[in-house]
Amino acid sequence: ITLCHSLIAARLVDELRLFIYPYVQGRGRRLFPHGTTISGFIPAAAPMAFPGGVTLVSWTAPASAARR
């Protein structure tokens, strides 16, 4: 998780894709700590819901969106 934070902060990430599962663990490290914002990214596509409640969300950096 620390590596993810470092890569995002250094602007080395072009796109974020997260599968969100409807499960609460209660402990562990968060990918995005409370109060963290994902600045510099815009939604790449509408969220996609799958059976069982899993949701795919994705964001892209504006510079990478222009290259497509």
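## Strand pairing around strand 4

Strand 2, which covers residues 42-43, is joined to strand 4 by two bridges, and the two strands run antiparallel. This description rests on a predicted model, and the account below follows strand 4 through its other pairings before turning to one of its residues. Within the pairing of strand 2 with strand 4, P43 has W59 as its bridge partner.

Strand 4 itself spans residues 55-60, and six bridges connect it to strand 1, made up of residues 15-20, again in the antiparallel sense. In this pairing, R17 finds its bridge partner in S58 of strand 4. Strand 3, formed by residues 48-49, also pairs with strand 4 in the antiparallel sense, here over two bridges, and M48 stands opposite L56. The table gathers these pairings.

| Strand paired with strand 4 | Residues | Bridges | Sense |
|---|---|---|---|
| Strand 1 | residues 15-20 | six bridges | antiparallel |
| Strand 2 | residues 42-43 | two bridges | antiparallel |
| Strand 3 | residues 48-49 | two bridges | antiparallel |

Strand 3 and strand 4 form a hairpin with five residues between the strands, and in this hairpin G52 takes a positive phi near 90°.

Strand 4 also contains T60. Is T60 buried or exposed? T60 counts as buried because its relative accessibility is 4%, which falls under the 20% limit for that class. A polar atom of the T60 side chain lies 3.2 Å from the backbone oxygen of D14.

Technical notes:
Residues are numbered from 1 along each chain as its sequence is written. This is a predicted model: local features need pLDDT of at least 70, side-chain atom pairs count only at pLDDT 80 or more; totals for chains, interfaces and linings use all residues. Side-chain values use heavy atoms; hydrogens and water are left out. Two strands pair if DSSP finds at least two bridges between them. Helices (H or I, at least four residues) and strands (E, at least two) are DSSP runs, numbered from the N terminus. Buried means under 20% relative accessible area, exposed over 50%, partly exposed in between (1.4 Å probe, protein chains only). A polar contact is a pair of N or O atoms within 3.5 Å; within protein, one must be able to donate a hydrogen and the other to accept it, and residues adjacent in sequence count only if both atoms are side-chain atoms.
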